[in-house]
Structure formats: C-alpha cells, structure tokens
Amino acid sequence: MTGQIVIVGYGMAGARLATELHSRNGDRKVTVLGAEPHRAYNRIMLSTLLAGRIDEPDVELAEVAGQGTDVRTGVVAAAIDRAARTVRTTDGDRVDYDHLVLATGSRAVVPPLPGLDPAALPPRVAVFRTLADCRRILAAARTARTALVLGGGLLGLEAARGLATRGLPVTVVHPHPHLMERQLDPAAGEVLAGTLAGLGVATRLGVPATGLATDDDGVRLALADGTRLTADLLVLSCGVRPDTDLAAAAGLAVDRGVLVDDRLRTDDEAISAIGDCARAGGPTGLVAPAWAQARVVARLLTGEEPTARYRPRPVVTRLKAAGIDLAAMGDPTGGPGEELTFTDPARGTYARLRIHHDRLTGAILLGDNPAVGTVVQLFDRGAPVPADRRALLLGRSLGNAPATPAASPALMPDAVTVCQCNDVDKGTLVRCWRSGARTVDEMVAATRAGTGCGGCRQALGGLVDWLSEVDSVGTPR
C-alpha cells in the first residue's frame with residue numbers, strides 16, 4: 001500500500017505499529033501523533049521504575065524516525081474529518097491520511113469519591129498509569145513516610161510493592177473480599193495478602209472507600225466501616241477505561257472500546273484501531289495482544305499478507321513485583337474437568353490447576369514453583385499434560401524426580417513460545433544463534449524477545465547458556 005498512514009497514539013501499540021511499518025519496504029509516509037511530550041516508553045516497566053530498580057532511560061522504547069516516518073510528540077489529536085480524511089490537532093494543524101490507525105490506549109479511572117476532583121487531583125494524590133504519573137508519585141514519595149493504595153488489582157499491587165521497596169509502609173484498600181479478584185480465587189488471594197504483609201504491604205479488604213480529605217499534613221481516606229486511614233501519599237489504581245472519545249466524536253461504532261473486525265478495521269474501512277482502545281476480542285490492558293494487533297495491521301497495510309487476521313490467544317497474567325512469583329491463566333475456578341489444589345500459606349505457596357481432556361484450561365501458581373515454565377507452555381500450546389499431575393502442582397514428582405518435561409532447553413520443542421509478549425519461539429531463537437547472535441542482548445536486539453514485561457529474560461539466558469555448550473560439540477537441534 002502506498003500513501004499516507006497516520007497513527008494517533010504513541011504508546012506501546014502505536015510505537016510498535018510504527019516500527020513494524022518502518023521495517024517493511026514500500027512507498028509510504030507514516031505520521032505518528034503522540035499526546036505525551038516524550039518518546040515512547042514501556043508502560044509495563046513503570047512499576048519497576050517506581051521500585052527504583054531501573055532508571056527512566058531503561059523504560060524508553062527504540063525511537064523510530066526518518067525514512068518516511070514522522071513522529072510528533074506532544075501533539076494531541078482533536079478531531080477526525082472522515083469525509084476529508086484529515087486529523088485536526090489542538091494546535092490547529094491538519095494531517096491528511098489515506099489510512100488512519102487509532103492507538104489512543106486507555107485512561108485511569110478516578111473513583112467518584114466525595115472530596116476528590118478528577119480534573120484536579122491534590123498534590124499528594126496520583127493515579128498510576130503514565131510516565132508523568134510515575135514521576136508524580138516518585139516526587140511525593142521522597143518526602144512521604146506512609147502511603148495508601150486504593151485498588152488491589154494487578155497495577156495497584158505493583159505500585160504498592162514498588163513503594164514498599166523504597167521503604168514506605170503501604171496499606172492497600174480494596175473493595176472486594178480478596179485481592180486480584182479477576183485472576184485469583186479467594187484462597188490464592190489470602191495467600192497473596194500474607195506474602196505482601198511480609199513485604200511491608202498491609203491490606204484492608206472488602207471495605208469500599210467513601211470519602212477523601214487532604215491538607216498540608218497528608219490525606220485521610222474514609223472507609224465504609226467508619227474507619228479513617230491517614231498517609232502522606234495516596235495512589236489511585238481503580239482500573240482503566242478505553243480512550244474512545246476521538247472515535248466516538250467521529251461517529252465510529254463504540255461499545256466498551258472501538259469496535260473492530262478481525263482485520264482490526266472499524267466500520268470505516270479507512271480507519272483501524274489497536275491496543276487498549278480497541279474492542280477486538282480477548283483481554284485488554286496487556287502488551288502481547290496489542291503487539292500482535294500491530295503486526296496484523298502492518299501486514300495488511302503494506303500488502304505483505306492481505307489475508308492476515310487477528311486471532312486472540314490465551315494470555316498469562318504475571319505480577320511483576322519483587323519477592324512475589326505469580327502466574328494466572330485461563331479459568332481455574334469453573335468449567336468441566338479435574339481440579340487440583342495445593343496451599344502452604346506459611347511458605348506463601350498456592351497452586352490450582354484445572355485440566356479437561358488432558359489439557360490445561362486454567363491455573364494459578366503463587367510462590368516458588370519450578371513447574372511454572374512448563375505450566376505456561378502447556379497452557380499456551382494446548383499440549384497434553386503429563387500423567388503425573390503432581391509434577392505440575394508441586395513442582396516435583398514422587399521421589400524428587402525432575403519437575404518438568406521441558407526443564408532443559410534441549411527438551412523444549414522448537415514451537416514452544418519463550419517470549420509471550422512478542423510471540424518468539426525457541427526455534428526462532430535457535431536460528432538467531434545460528435545467524436551469529438551470541439549473547440542475550442544480541443538475541444533481544446534481533447528478535448525483540450524480552451522487550452515486553454521482561455519475564456522471559458531468565459529463560460533467554462538459559463537458552464544462550466545451553467546453545468553455548470552444545471555449539472562446541474555440534475549444531476543445536
């Protein structure tokens with residue numbers, strides 16, 4: 001396809017699409033409009049930045065500019081003229097397009113609490129969504145002695161653990177009876193709360209917040225049971241909402257996201273939508289689906305694969321917080337099949353598996369379990385589970401036999417996905433090695449593996465170590 005492609009949004013979805021288009025040959029002009037004033041960054045790593053384990057340059061994504069790509073940061077798209085095929089910006093500029101891609105992401109939800117104005121948050125109150133939010137939290141944390149986090153979902157717990165890592169006593173207030181209720185069952189939530197307590201994060205569960213007061217001395221959060229919690233800093237993590245204002249104002253179909261088909265096209269053939277703003281089937285708020293959607297759109301717009309279609313895949317949720325190992329996938333709490341559970345609260349360990357027709361349909365693994373890699377592989381591939389289920393549940397078989405059928409890279413089939421975020425399998429990494437990549441960093445540069453949540457970096461290291469050994473005696477298989 002030739003012509004002008006405009007991408008509205010320079011987050012992880014929009015930036016990846018720009019990169020995908022840039023890497024393909026063709027006569028096209030790509031313009032990216034990013035509302036945030038800085039270059040694209042890895043939003044998943046903000047919790048690691050909050051914890052002080054990395055610095056801001058470490059969250060930046062590779063810049064894409066030149067050779068037909070025009071990236072404009074700090075530029076807000078104000079309106080779409082579908083008839084004229086132009087995007088008007090808030091500074092009065094008009095950008096023509098032959099095809100428009102909306103990658104506007106989502107916005108943090110500010111709860112309707114008395115005393116809280118969503119349009120003007122008090123200095124000691126912040127949401128946790130963007131790099132600017134992270135900077136705001138870090139600035140307040142420098143002088144804070146205590147912190148509250150409203151919301152016990154994935155992001156809320158990552159924020160709480162990050163602040164606790166900086167030495168702040170943190171209390172998480174969650175209106176539901178247990179933490180991460182979308183991914184965990186009550187038993188797992190209870191074990192997780194115990195693990196957090198040992199890491200300096202207290203929890204108040206099943207109690208909604210009813211009001212907020214702030215002054216120079218800090219924040220006071222009123223709860224439905226009549227208690228009041230005080231702190232120097234309050235972080236709001238109450239969910240996100242797809243940013244569909246631009247699409248809705250242009251008359252595109254919107255229902256909990258911009259409605260798209262399996263080509264990621266809206267009801268206007270000249271407009272696509274990807275990432276958190278798109279309702280494309282499957283989960284949102286995760287990097288792997290957004291990047292998969294970017295690949296599909298790039299293949300379609302460049303004519304590389306005219307029949308490309310987006311097919312949602314099962315996803316694995318990982319909690320990225322120091323001292324906590326948690327993976328949740330599928331639905332382990334319902335449906336047909338056999339169920340296996342194991343809990344050891346004293347060690348912070350919990351496991352629950354659901355197996356139907358010898359396939360893993362859901363799992364929760366919390367704490368140290370050597371089988372987590374194999375469980376993820378089995379779930380992702382839909383492969384048969386081993387006859388000895390205890391190897392998956394406990395991380396070991398009877399007699400302390402090896403825990404996993406693919407614990408060694410040598411035993412992993414080439415089709416096994418090593419990097420979930422970028423859909424990179426073992427075979428691709430082996431071919432990369434054969435082409436000359438000899439370190440983890442070289443593997444990452446060549447395949448993008450490890451550039452999402454970073455959870456596969458250890459597996460990449462193990463694969464490189466294995467290839468280093470077997471390459472001295474023969475070509476790896």
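**Exercise 1. In this predicted model, work out how helix 1 and helix 7 pack: is their crossing left-handed or right-handed?**

Step 1. Look down on the pair: helix 1 and helix 7 cross in a right-handed way.

Step 2. Now add the geometry. Helix 1 covers residues 12-22, and its axis comes within 9 Å of the axis of helix 7, at a crossing angle of roughly 35°.

Step 3. Pick out who makes the contact. Helix 1 brings Met12, Ala13, Arg16, Leu17, Glu20 and Leu21. From helix 7 come Val287, Ala290, Trp291, Ala294, Arg295, Val297, Ala298 and Leu301.

Step 4. Sort these residues by character: 11 are nonpolar, three are charged and none is polar.

**Exercise 2. Find the largest nonpolar core and say which helix gives the largest share of it.**

Step 1. This core holds 71 residues, and Ile7, Val8, Leu17, Leu100, Leu102 and Ile274 have the most contacts inside it.

Step 2. Helix 7 (residues 287-301) supplies the largest share, with 10 residues.

Step 3. Don't stop there: another core lies apart from this one, with 45 residues, including Tyr41, Met45, Tyr350 and Leu366.

Step 4. Zoom in on Ile7. Leaving out residues up to four places away in sequence, Ile7 touches Gly14, Leu17, Ala18, Leu21, Val30, Thr31, Val32, Leu33, Val101 and Ala103.

**Exercise 3. Count the disulfides, and explain why Cys134 has no bond to Cys238.**

Step 1. A disulfide needs two cysteine sulfurs within 2.5 Å. By that rule the count is zero.

Step 2. Cys134 is unbonded because the closest cysteine sulfur, in Cys238, is 17 Å away, too far for a bond.

Step 3. Check burial too: Cys134 counts as buried at 0% relative accessibility, and Cys277 counts as buried at 0%.

Terms used
Residues are numbered from 1 along each chain as its sequence is written. This is a predicted model: local features need pLDDT of at least 70, side-chain atom pairs count only at pLDDT 80 or more; totals for chains, interfaces and linings use all residues. Side-chain values use heavy atoms; hydrogens and water are left out. A nonpolar core is a set of buried Ala, Val, Leu, Ile, Met, Phe, Trp, Tyr and Cys residues joined through side-chain atoms within 4.5 Å. Buried means under 20% relative accessible area, exposed over 50%, partly exposed in between (1.4 Å probe, protein chains only). Helices (H or I, at least four residues) and strands (E, at least two) are DSSP runs, numbered from the N terminus. Contact means heavy atoms within 4.5 Å. Axes are lines fitted to C-alpha atoms, for helices over the stretch in contact, and angles run from 0 to 180 degrees between N-to-C directions. A crossing is left-handed if the near helix is turned anticlockwise from the far one by less than a right angle, and right-handed if clockwise. Ala, Val, Leu, Ile, Met, Phe, Trp, Tyr, Cys and Pro count as nonpolar, Asp, Glu, Lys and Arg as charged, and the others, Gly among them, as polar.
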